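Subject: Structure for your review

Dear colleague,

Please find below the structure that I am handing over to you. I would be grateful if you could read the notes beneath it alongside the coordinates.

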Amino acid sequence: MVLAFSTLCTLILLAIQIVQFYGLPFFSIKGNLQEIREREFHVLAAVADSRKKLINDWVAARRRNANAIAALPAASNGKLYTDPLARKQIGAWLEEVRTNYQLDAIRFIDPKTGAVVLVAPGDAAPTVLAPTTIRNAAQPGIDESILLTLGQGEGTSHFHLIRQVVSPKSQDGRPELLLELECSLETLLKPQLELNMQGLLGKTGEIVLFDTASRFLTMVNHPLPDGQQVQPLLSKNSARPAQLAISGSEGTIEELDYRRIPVLAAYRHIQISPEMAWGMVVKKDHSEAFASLQYQRNLFLMLGLAGITATVLLAVLISYRVTHPLRRMVSTSRTISTGDLTARVPIEGDSETAELATAFNKMLDQLHTWHSELDQRVRQRTEQLEQVNHELQNEITERTKAEEALHEKAVQLEEEIGERQKAQEELEILNSSLEQRIGDTVNELRQKDDLLIQQNRMAAMGELLNNIAHQWRQPLNNIAVYIQTMQYLNRAGELTSDEMDRDIKAVMDILQYMSQTIDDFRGFFVRDRSNVSEFALGPTVAKALTIVTPALTATNIRTELLKDDREVIRVTGYPNEFAQVLINILYNARDILVEREIADPQIEIMVSREQGRAIVTVRDNGGGIAEEVLPHIFDPYFTTKGPTKGTGIGLYMSKTIIEKNMGGTLTARNTPDGAELRIEL
Amino acid sequence: MVRSLHTIYALLTASLLILPVYAHAAQPATRPAQELVIAYQPFASPAGVIMEVVRRDRLLKQNLVRQGLTLRMTPVNAGGDAIKAFKRGSITMTTLGDMPALELAATMPVIYCAQLKQNYAMVVGAKGLLAKDLKGKRIGNVFASSGHFALLKVLHSGGLAEKDVTLVTMPVNQMPEALQKGTIDAFAAWEPTPSIVISNAPDRFAAIGRQSSSSYLVASRTFAEQHPEAMRQVAAALVRAMTWLKHDTHLRKAANWNIATISSFAGTAPHNRPEDIIRVSANDLAAIRYSPRIAPLLRTSGNPPLEDELEFLKGVGKIGKEVQWELIQQSFSHDIVEQVIRSAPKYELKRYTYE
């Protein structure tokens, strides 16, 4: 905790310190850096400009010296060649001038021979000017020449200003004499350049002069990077500021100087004459220029380190002090965590920490109370849990037993499954022979069908015979009456030939009728599947009704055929089989009416056309078909007449004929009075 | 009688003296005069004031007439305009700064017959601004001019290149106002504009860097070869003008002529005051010692300023890479001015006849 708190305090204090001690100084230093740089450049530029002017003025002064000397009449009128007294007087004057202006030498030179005519001082060395130089300087129109030479024996550069002395009487402009002023740059110019410069440029400030060939013109304060001392007019200055000045540029720059040391420099290009230019660099070491900033930076670093150390110590101290009550509470908490709820934090003083300790102790008291209550509740709960546990144990025991029973059942199920598997196997065996058995059964059923059909035929035949008998009974009675009448008349002798012919004819007509009856019946009961034909529905229905009428009349059943005589409804199929279907339906209706002893039994047959289909409905008033029976009446072998009366094949065959052979439908439904069977073709 | 004889003798003598002059003067009337057109830049110092004096040199005009030439002098805005006119053949001679003079010498046969200045082109900006501070700044410039070269040298000294700044091309006479209004941060130009801007607001503006710059009177080599005497007459006029300008009152008069020409040429009065022009021109004339002689230094090998400028022009594509320094060297003609100086009486170098 102390560590964490100390870190936090340290960070906060450091942040404040950084802002206060480094942020502001950073910008201050940055601003100072810029300010110092500008100030130094300003000073260097000002010095460079003033030194450039000084050099120009110095050269101008030399020109004025030369002009003044060259203006001597004795120089231009040739007396110096011929008049020793003039030479002496002018020599003394020249020496005075030379001394005043600190020149090394003043010479009058014969431009034709190069010989020195007059020199001051008298013991000065002869001119170092080469004959070529003298010839060039003596050319007409070349008023002035300036050149630099290496001083003999002293290793310094010498400035030579050569001026033509032309006679006013000269016709060709050729000079009478050449005036040469010689001075050492090292002793004459350099001290002037450096005068009072230390105060402006500091200890490392320096003014460096060089010509356009990069040659140093004066001595410098430091050796070159290779350790060699600078030799004027021999050593070269390859530093960038110098090269810029040589190239005609002027400005300020932060660069390396001839020593390869970083400096702030102002460089200038100085046109000494149309023929000669110099370069000048006024520079100051970077380290000196920014020394105050360096000190400032070091001071800030030292202060910063001290501040950081103090901050850390202060943070630790504050943290230790501030966290003391907290640490006491932590210690108490640890004691409590071992289970000792009687531990309490000592209350010291009356500060917030004391309030915190009091609150902490109250919290502990409360905690202790809660702990006791909780303990009590835990005990109670434990007892309850034990009870529940006991019950659960019993339940588990019961469940174990149930599981055992289930296990036994499972065993039994497994056995059953085994048996079922066995049965399945047997079933599979049976299935394998099922096809054979189905074939056998189908054959058997076919045989039964054939038998039923045969039975139906036999029943129909019985009906046929019954009908024939019924049809024939009256004709036979009539025949018997005719015969008995003939016999009586014959016996009475009253039988005439006419009467006998008439009676015989009547009998023959009756016989003819009876024969026709047989043909009719046979026609109905002979299958005509090979003859699909289009037939009129109304006559076919009427003919079928005619066949069954005797049977219906015998049971007092009234029939009524309803049909629209305006239209002949024709259908395609088997007319005889259709008639048989109708007969079956009518017989079934008769049987129901008879069985249920309906008081006024009626059968209504209606032939009609609905939506392009031929419709024949047979409706009775026999009370209808039981609802549970209705779905099964077309099933084969289904009958409600009992085994002695019905075969259960009539309606099945009728449905087969109508729906499979003729493409129609045969349906049944109950009406309010009875049942209705409906044929649609 | 004697008096009459003296009078007759005097008249005869005068006739003998005057007639040749009339004969010379009448000669051009009988044949069509060729026009010698000299272009000059009124915005340049000291060429502006020098050429104003030459323009008014009646003696020059008379002497040229004797050579079958009439003189016409025309002001141009900058060296680039003069080069275009020169290439069109509409001018024969022109004053040019070193950069355009090099460009012309590299592309046409010309001679540098006189030197008109040896001063500095400058990059001028807010006081305290250093070369390295120019990064990202807008700088007024005349492309491929002495100012442009100075700018590149200054940028180079600050570790920058041309791509680091935004060059704003504009005429040199608009630069001071643009700098004061802040539409540019600095400008690069030749004298007298930089010195005048600095001297007028020394607390606001200063030279960020300077570059040695020279200017010349350049003539068609063909013309110079066909009319050597006319060339010498022009050189003599230059010598006369520069000598005459040593006197302050003369310089003031020439400065006023210069301002009048600038006003007429630019359509507005210049920002430069006569005092500004006088001060800058005096310094510039002193730098060449009031003489149009071409400094031998300028035409020797290994001369950094001009050779550097030549390389610069090659670099910016103004001059073909194949142009050698020798070609430029051959364009300098030291002799014309020298011949005039050596024959001072003949060329009447101290006779000032300014209209």
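The following paragraphs describe the sheet and the helices that pack on it.

Please bear in mind that this is a predicted model. Chain A contains an open sheet of five strands, in the order β2-β1-β5-β4-β3, with antiparallel pairing. The edge positions are taken by β2 and by β3 (144-150) of chain A; each has a single partner strand, so one side of each lacks a neighbour in the sheet. From one strand to the next, the twist averages 20°.

At the β2 edge, strand β1 (residues 105-109) of chain A runs antiparallel to β2(A), and four bridges join the two. One of the facing pairs is A:Ile109 opposite A:Val116 in β2(A). These strands, β1(A) and β2(A), form a hairpin with six residues between them, and in the turn A:Gly114 has a positive phi of about 85°. Strand β2 (residues 116-120) of chain A is mostly covered, with four of its five residues buried.

At the β3 edge, seven bridges connect β3(A) with the antiparallel strand β4 (residues 157-165) of chain A. Here A:Ser145 has A:Ile162 in β4(A) as its bridge partner.

Two helices remain to be described. Helix α4 (residues 84-100) of chain A packs on the sheet, where it touches β1 and β2 of chain A, and its direction makes about 45° with that of β2(A). Helix α6 (residues 185-194) of chain A lies across β3, β4 and β5 (177-184) of chain A, running at about 65° to β5(A).

Yours sincerely,

A colleague

Key. Residues numbered from 1 in each chain as written. Chains lettered and ligands numbered in written order. Predicted model: local features only at pLDDT ≥ 70, side-chain atom pairs only at ≥ 80, totals over all residues. Heavy atoms only, no water. Buried < 20%, exposed > 50% of the residue type's maximum accessible area, 1.4 Å probe, protein only. Pairing = 2+ DSSP bridges. Axes fitted to C-alpha atoms, helices over the stretch in contact; angles between N-to-C directions. Contact = heavy atoms within 4.5 Å.
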